[in-house]
Amino acid sequence: MKKAKRKTGEKRSQIAAMPIRRAADGSTELLLVTSRTTRRWIVPKGWPMKGVKDRDAAAQEAYEEAGVVGRVSEKPAGRYSYWKRMSDHFALCEVKLYLLEVEQQHADFREQHQRDLHWFKLADAADIVDEPELSTAIRKLQAQVSLAA
């Protein structure tokens with residue numbers, strides 16, 4: 001079955017997990033991973049999976065890219081757009097972000113030798129990611145966590 005041709009400039013959809021946990025000091029931390037090609041700090045993300053709810057696909061990406069499992073939010077916690085580097089062009093992608101409250105982190109996972117992982121305080125995570133809209137989404141999460149505390 002051939003894939004449908006996309007119009008130039010048409011946004012492509014992706015899904016992502018925002019893996020979070022409580023640190024010993026009570027603050028919220030976000031797990032970031034490096035991209036495989038440019039080594040930028042990003043959240044685990046990927047393409048929607050046919051027959052799989054977006055939230056479950058986001059959880060699957062978090063497991064494959066970072067070895068984390070937990071409770072995933074029912075609805076997106078935010079969105080951001082970015083330009084994805086493809087083999088011969090760039091594609092504009094809109095990413096739906098799902099919160100993932102991490103309950104377990106495995107040492108062995110599919111992409112463990114392809115990525116680095118690090119838990120960041122939310123403010124630091126917002127500063128270190130390159131995509132401005134992702135940074136804004138992280139700062140909004142930080143404001144929500146502050147209000148809930």
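The following legends describe several views of a predicted model of a single chain.

**Figure 1. Overall view of the chain and its order of helices and strands.**
The chain contains three helices and eight strands. From the start of the sequence to its end, these elements follow the order β-β-β-β-α-β-β-β-β-α-α. The radius of gyration is 15 Å, close to the 15 Å given by the globule rule for 149 residues, so the chain is as compact as a globular protein of that length. Along the principal axes, the C-alpha atoms occupy a box of roughly 50 × 30 × 30 Å.

**Figure 2. Burial, surface and charge of the whole chain.**
Of the 149 residues, 42% count as buried. The accessible surface comes to about 9,100 Å², and 49% of this area belongs to carbon and sulfur atoms. The chain carries 27 positive and 21 negative charges, and the mean positions of the two sets are 7 Å apart. Contacts also link distant parts of the sequence: among those between residues at least 6 apart, 66% join residues at least 24 apart.

**Figure 3. Strand β1 and its three pairings, with β7, β4 and β2.**
Strand β1 covers residues 12-22. Eight of its eleven residues are buried, so β1 is largely enclosed by the rest of the structure. Strand β7, residues 90-105, runs parallel to β1 and is joined to it by nine bridges. Within this pairing, Q14 has V95 of β7 as its bridge partner. Strand β4, residues 45-46, runs antiparallel to β1, and two bridges connect them. In that pairing, A16 stands opposite K45 of β4. Strand β2, residues 28-34, is likewise antiparallel to β1, with three bridges between them. Here the bridge partner of R21 is E29 of β2.

**Figure 4. The hairpin of β1 and β2, and the loop that follows β2.**
Five residues lie between the two strands of this hairpin. In the hairpin, G26 takes a positive phi near 90 degrees. The loop between β2 and β3, the latter spanning residues 41-42, holds R39. Although R39 is not a glycine, its phi is also positive, at about 65 degrees. Is R39 buried, exposed or partly exposed? The relative accessibility of R39 is 37%, and R39 therefore counts as partly exposed, since the partly exposed class lies between the limits of 20% and 50%.

**Figure 5. Strand β7 with its antiparallel partners β5 and β6.**
In addition to its parallel pairing with β1, strand β7 pairs with β5 in the antiparallel sense through five bridges. R71 stands opposite E101 of β7 in this pairing. Strand β6, residues 78-85, is also antiparallel to β7, and eight bridges join the two. One pair of facing residues is W83 and L92, the latter in β7. Strands β6 and β7 form a hairpin, with four residues between them.

**Figure 6. The surroundings of V72 in strand β5.**
Strand β5 spans residues 68-72 and includes V72. Which residues does V72 touch, not counting residues up to four places away in sequence? They are R55, D56, A59, Y98, L99 and L100. The relative accessible area of V72 is 15%, so V72 counts as buried, a class that requires a value under 20%. V72 and P44 are 28 residues apart along the chain, and their C-alpha atoms are separated by 13 Å.

**Figure 7. The surroundings of E61 in helix α1.**
Helix α1 runs over residues 54-66 and contains E61. With a relative accessible area of 9%, E61 is buried. Leaving aside neighbours within four places in sequence, E61 is in contact with I15, P44, K45, G46, W47, M49 and A66. Of these contacts, I15 falls within the residue range of β1, while K45 and G46 fall within that of β4. P48 is 13 residues from E61 in sequence, and the C-alpha atoms of the two are 9.9 Å apart.

Technical notes:
Residues are numbered from 1 along each chain as its sequence is written. This is a predicted model: local features need pLDDT of at least 70, side-chain atom pairs count only at pLDDT 80 or more; totals for chains, interfaces and linings use all residues. Side-chain values use heavy atoms; hydrogens and water are left out. The radius of gyration is taken over C-alpha atoms; the globule rule is 2.2 Å times the number of residues to the power 0.38. Buried means under 20% relative accessible area, exposed over 50%, partly exposed in between (1.4 Å probe, protein chains only). Contact means heavy atoms within 4.5 Å. Accessible areas come from the Shrake-Rupley method with a 1.4 Å probe; for residues, only the protein chains shown count as cover. Lys and Arg count as positive and Asp and Glu as negative; His and the chain ends are not counted. The place of a charge is taken as NZ of Lys, CZ of Arg, CG of Asp or CD of Glu. Two strands pair if DSSP finds at least two bridges between them.
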